[in-house]
Structure formats: C-alpha cells, structure tokens
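Trainee: I'm new to this structure and would love a friendly tour. Could we look at it together, one question at a time?

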Amino acid sequence: MAEGGRAHPPFWCHGATGIGRMLLHIRHLGLEPDPTETLRRACRSVALGARWSGPTLCHGLAGNAEFLWDAGRAWISEVPRQITPDYLVGYAGIPVVLLRMARPRRRYQLSREGFRYRAVP
C-alpha cells in the first residue's frame, strides 16, 4: 500500500480487523501506549467499511463479526462487572443478534418493522 493510495478493506489479512486484533492483545497485556482510541477507530472501520463483502473468515463478514464480538467484550458499556439480563444493556440482546445472523431477512429488533412481522401458522 502506498500513502495516498487506495484504501484496503478492513479484513484480517490486510486491514483494520487484523490490526484491531493486535490492538486488543496489546490492550489486554496493558502495554503502553494505551491503544484504546486507535482500537475504536479500527472497530468503526470494520463495522462500516466492508458490509458488501462475502461471508468468509479471513477477508469477509465472519472474520469482521468475530473481531467486533471480541472488541465488544473488551469494552463494557455499563458499570464494570455489573452483568444484567437487560435487553439493551445486558446479555438478553445477544440472542437477537444470533437470531438475526441465522435468518438475516427476518426482523427481530424492537422496531416498527419488527412489530409488524406476523408469523405464518
């Protein structure tokens, strides 16, 4: 890659997913300098920069989702060590994501579209 050249998609092999994995490890080891801000930027790049890609682990959505899952576990959005079954800030929202991954066209979220959904008997 050359400075000012075309940006590479955020994957394990060449991009933000691989760099983010390294930064997660650095953060886990407590090495200096703290990579938190760069790690947040890598997560944003991974989340927004490759939605068009295929499903593969190395350079696709599976690898990016796995990295974002690990990054999410590294940052607790609520009070540390306060784990609750809440839908939005606890572990109850995790099955919603897994269900969505299993059936991507169906809406499970608490949304107008989700409430309009009716199962066919």
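Trainee: How many disulfides does the structure hold?

Mentor: Good place to begin, and keep in mind that this is a predicted model. A disulfide is a covalent bond between the sulfur atoms of two cysteines. Here a pair of cysteine sulfur atoms must lie within 2.5 Å to count. The number of disulfides in the structure is zero.

Trainee: Which cysteine has the sulfur nearest to that of Cys 58?

Mentor: Cys 58 takes part in no disulfide. Its nearest cysteine sulfur is 3.7 Å away, while the cut-off for a disulfide is within 2.5 Å. That neighbouring sulfur belongs to Cys 13.

Trainee: Is Cys 58 buried, partly exposed or exposed?

Mentor: Its relative accessible area is 32%. Buried would need under 20% and exposed over 50%, so Cys 58 is partly exposed. For another cysteine, take Cys 43, which at 11% is buried. The word for Cys 58, then, is partly exposed.

Trainee: Let's turn to charged side chains. How many salt bridges does the structure hold?

Mentor: Side chains of opposite charge can pair when their charged atoms come close. One such pair is Asp 70 with Arg 21, whose closest N and O atoms are 2.8 Å apart. Glu 37 and Arg 41 also meet in a salt bridge, at 3.4 Å from N to O. The total is two.

Trainee: How many residues apart in sequence are the parts that Asp 70 and Arg 21 tie together?

Mentor: Asp 70 sits in helix α3, residues 61-74, and Arg 21 in helix α1, residues 16-29. Asp 70 is partly exposed at 27%, and Arg 21 is partly exposed at 25%. Their salt bridge therefore ties together parts whose separation in sequence is 49 residues.

Trainee: And which helix holds both Glu 37 and Arg 41?

Mentor: These two are four residues apart, so about one helical turn separates them. Glu 37 is partly exposed, with 46% relative accessibility, whereas Arg 41 is exposed at 60%. Both belong to residues 36-49, helix α2.

Trainee: One last stop: is Thr 17 buried or exposed?

Mentor: Thr 17 has its place in helix α1. Leaving aside neighbours within four places in sequence, its contacts include Trp 12, Val 46 and Phe 67. Its relative accessible area is 0%, and under 20% counts as buried. So Thr 17 is buried.

Terms used. Residues are numbered from 1 along each chain as its sequence is written. This is a predicted model: local features need pLDDT of at least 70, side-chain atom pairs count only at pLDDT 80 or more; totals for chains, interfaces and linings use all residues. Side-chain values use heavy atoms; hydrogens and water are left out. A salt bridge is a side-chain nitrogen of Lys or Arg within 4 Å of a carboxyl oxygen of Asp or Glu. Buried means under 20% relative accessible area, exposed over 50%, partly exposed in between (1.4 Å probe, protein chains only). Contact means heavy atoms within 4.5 Å.
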